[in-house]
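The following paragraphs examine how a ligand is held by its protein and what space lies inside the fold. Please keep the structure in view while reading.

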Amino acid sequence: MLKRKDLISTKDLTREEAELILETTFGMKEILQREVKKVPSLKGKTVATLFFEPSTRTRTSFELAAKRLSADVVSFTAQASSMTKGETVRDTVKNIEAMIVDAFVIRHRSEGIPNFIAGITDASVINAGDGKHEHPTQALLDTFTILERKKKLEGLNIAIVGDITHSRVARSHMFLLPKLGANLIFVGPKTMIPKDIEKVEPRIKVAGRIEEVIEDLDVIIFLRIQLERIESPLISSLKEYHNHFGLNLTKLKRAKKDIIIMHPGPVNWGVELAPEIMNLENNVILEQVTNGVAVRMAILFLLLSSR
Ligand code: CP
């Protein structure tokens, strides 16, 4: 079991804890391949998903994960709640907690909200993405997908391409992948890469173009430009961005044959990835989505089953 109440960031996750989550995920994935995809592990527990920002993958997979483990699930959407009448986040959480829930899964546009909520409730809190701070379960599901495909993490060369500055996924990877022995290369326009990011950790490097590094890569992860978190334009046009930082077959020809192409979604086809990438064997984007359920089952199980 995880000896912690909450999962807020990969920064404060130890290597042993991350490895425990990844190992447990293999078992959860086996459950998902059975005819009856349900076990009683969390029977009697209740999980509340509180999404103050839109989501397709994270919310659905957390809800499915909880249901596969036989927990009850309640879903809260800010736009359809009494927050529209002025109720605060704190009061919203305290009222849902009063109905007796065991875990909150929280997404919010402001950094620090899951951590704040963790401090005011006895329930477990799982960060499902807070502003540009962290998205730990996305980094864990990406890492599981890499491990499943490549059978190891140690020594792999993994590039993350795009809007690093505004990405909570990139930030969670920055703390997770080097901890597990992988080398991380951030690629993107200078306006989208935090200054001195390579000084955070010796396994992190920065490159200006995909072409500079593609021949050495085992994994390439693309990110959407986080327009909802950008106040002024950081690129001249999406077409130019695609030419410089998007992936097409011409660039891919220089890569290793077994490179895997990843994206946390939602993908803007024609911007991060040319549509011709969609049907390639190397594209594991939907495997990431499948693995999202298994990783979130592992996290819910490891946090809740002994509480
Ligand atoms: N990857 C991800 O967080 O997707 P959603 O925004 O659809 O949850």
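A polar contact is understood here as a pair of N or O atoms within 3.5 Å. The model under discussion is predicted. By that criterion, a nitrogen atom of the ligand pairs with a backbone N or O atom of P264 at 2.8 Å. Taken alone, the ligand exposes 250 Å², of which the protein buries 90%.

Two further contacts involve oxygen atoms of the ligand. The side chain of S55 places an N or O atom 2.6 Å from a ligand oxygen, while a polar backbone atom of T56 is 2.7 Å from an oxygen atom of the ligand.

The wider surroundings of the ligand comprise S55, T56, R57, T58, R107, H135, Q138, P264 and G265. In character, this shell divides into 6 polar, 2 charged and 1 nonpolar residues. Where does the ligand lie with respect to domain 1 and domain 2? Domain 1 (15-134 + 289-304) and domain 2 (136-285) both contribute residues to the shell, so the ligand lies between them. The space that the ligand takes is the largest pocket.

Enclosed space is a separate matter. The count comes to 1 cavity of 30 Å³ or more, and the largest cavity holds about 60 Å³ of space. Its lining consists of R57, S61, Q138, L141, H263, P264, I285, Q288, V289, G292 and R296. Among these lining residues are R57, Q138 and P264, which also belong to the residues around the ligand. P264 thus appears in the cavity lining and provides the backbone atom that lies 2.8 Å from the ligand nitrogen.

Technical notes:
Residues are numbered from 1 along each chain as its sequence is written. This is a predicted model: local features need pLDDT of at least 70, side-chain atom pairs count only at pLDDT 80 or more; totals for chains, interfaces and linings use all residues. Side-chain values use heavy atoms; hydrogens and water are left out. A residue is near a molecule or strand if one of its heavy atoms lies within 4 Å of it. A polar contact is a pair of N or O atoms within 3.5 Å; within protein, one must be able to donate a hydrogen and the other to accept it, and residues adjacent in sequence count only if both atoms are side-chain atoms. Accessible areas come from the Shrake-Rupley method with a 1.4 Å probe; for residues, only the protein chains shown count as cover. On a 1 Å grid over the protein atoms alone, a cavity is a set of points where a 1.4 Å probe fits but cannot get out, and a pocket is an open set with protein on both sides within 12 Å along at least five of seven lines; lining residues have an atom within 4 Å of a point. A molecule sits in a cavity or pocket if more than half of its atoms lie within 2 Å of its grid points. Ala, Val, Leu, Ile, Met, Phe, Trp, Tyr, Cys and Pro count as nonpolar, Asp, Glu, Lys and Arg as charged, and the others, Gly among them, as polar. Domain bounds come from an automatic or database domain assignment. Grid points are joined across faces, edges and corners, and a volume is the space filled by probe spheres set on the points.
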